[in-house]
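Welcome, and please load the model in your viewer. We will go from the whole chain to a few side chains, one selection at a time.

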Amino acid sequence: MNEEQSENKDSYIYNKVLRTGMALALPLFLAMASCSEEKEHTAPAIHDRDSVSMMTSYGVNTLISDSGVIKYKIVTERWDVNTIKKPSRWTFICGIFLEQFDEKFNIQAHIQADTAWYYDQLKLWELRGRVRVKNVNGLRFSSEELFWDGMKHEFYSNMLSRVVTPERTLQGTYFRSDERMTHYTVSNSKGSFVKQDEKATGTDDAKNPADTTTQVPVLRPAATKHAATPKTQTP
């Protein structure tokens with residue numbers, strides 16, 4: 001084989017290798033282009049982990065206990081539990097209905113609201129939107145806000161609240177009460193009372209809950225008409 005034939009053979013091998021390489025590279029290039037297009041439809045990663053609930057339950061009807069004692073029953077359409085947020089909380093965005101129990105498992109009150117949060121570490125309930133409470137003594141409470149402090153064992157509200165009992169009707173912008181709503185305070189209030197409230201001093205507090213508006217002003221006594229003194233005739 002002469003020198004010219006050798007060069008032609010080398011050129012033929014080089015061209016064949018070049019065509020083979022291009023044939024292999026073209027599918028790889030198309031695959032890479034295809035992958036780059038798919039990334040445009042990929043959702044971004046979620047970095048705010050505290051916004052994700054660790055548990056979500058639907059159609060809940062359950063009893064809740066504290067230190068081995070059943071405290072209340074929860075009925076709700078949706079219950080979210082989030083332990084990442086500070087403070088950790090239970091969320092009831094579809095409304096809630098609660099039954100409150102005493103130590104002997106007797107129902108003391110019914111509580112309902114449009115939205116509620118329970119801060120489990122603080123033992124604090126926050127109820128919002130059409131909050132309604134009715135206890136065994138016939139007291140009915142209504143407001144757009146109510147807090148239930150499980151550590152201090154009390155209810156309180158800083159919004160306009162209305163309290164109706166068999167004896168009186170009260171309304172005020174500040175409300176505070178014990179856990180059973182037998183002793184309560186309503187300030188900046190107005191309301192109507194029955195006449196017997198004027199003699200409520202010295203009665204049993206359980207029958208006549210304390211409040212800041214039960215003092216009835218003393219009425220001024222009515223003026224007394226005196227008979228005219230008869231004129232004496234001089235002889």
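Two residues are in contact here when they have heavy atoms within 4.5 Å of each other. Keep in mind that you are looking at a predicted model.

**Whole chain.** Start with a cartoon view of the protein chain: one helix and 14 strands make up its secondary structure. If you colour by burial, 28% of the 235 residues count as buried. Switch on the surface next; the accessible area is about 16900 Å², and carbon and sulfur atoms hold 55% of that. Among contacts with a separation of 6 or more, 37% are between residues 24 or more positions apart.

**Aromatic rings.** Now show the rings of Phe, Tyr and Trp: the whole structure has 12 aromatic pairs. Select F147 and Y156 for one of them, a stacked pair with centres 5.2 Å apart and planes at 15 degrees. Both F147 and Y156 are buried. Then select Y72, W79, W90, F92, Y118, W125, W148 and F155, a cluster linked by ring pairs.

**A serine in a loop.** Move to S88, in the loop that runs between β2 (69-82) and β3 (89-92). Is S88 buried or exposed? With a relative accessible area of 4%, S88 falls under the 20% cut-off and is therefore buried. Add D120 to the selection: its side chain makes a polar contact of 2.7 Å with the side chain of S88. To see what else surrounds S88, select N82, T83, Y118, Y119 and Q121, which together with D120 are its contacts once neighbours within four places in sequence are set aside. Y118 is a familiar stop, as it also belongs to the aromatic cluster.

Conventions: Residues are numbered from 1 along each chain as its sequence is written. This is a predicted model: local features need pLDDT of at least 70, side-chain atom pairs count only at pLDDT 80 or more; totals for chains, interfaces and linings use all residues. Side-chain values use heavy atoms; hydrogens and water are left out. Helices (H or I, at least four residues) and strands (E, at least two) are DSSP runs, numbered from the N terminus. Buried means under 20% relative accessible area, exposed over 50%, partly exposed in between (1.4 Å probe, protein chains only). Accessible areas come from the Shrake-Rupley method with a 1.4 Å probe; for residues, only the protein chains shown count as cover. Rings of Phe, Tyr and Trp (its six-membered ring) pair if their centres lie within 6.5 Å; planes under 30 degrees apart count as stacked, over 60 as edge-to-face and the rest as tilted. A polar contact is a pair of N or O atoms within 3.5 Å; within protein, one must be able to donate a hydrogen and the other to accept it, and residues adjacent in sequence count only if both atoms are side-chain atoms.
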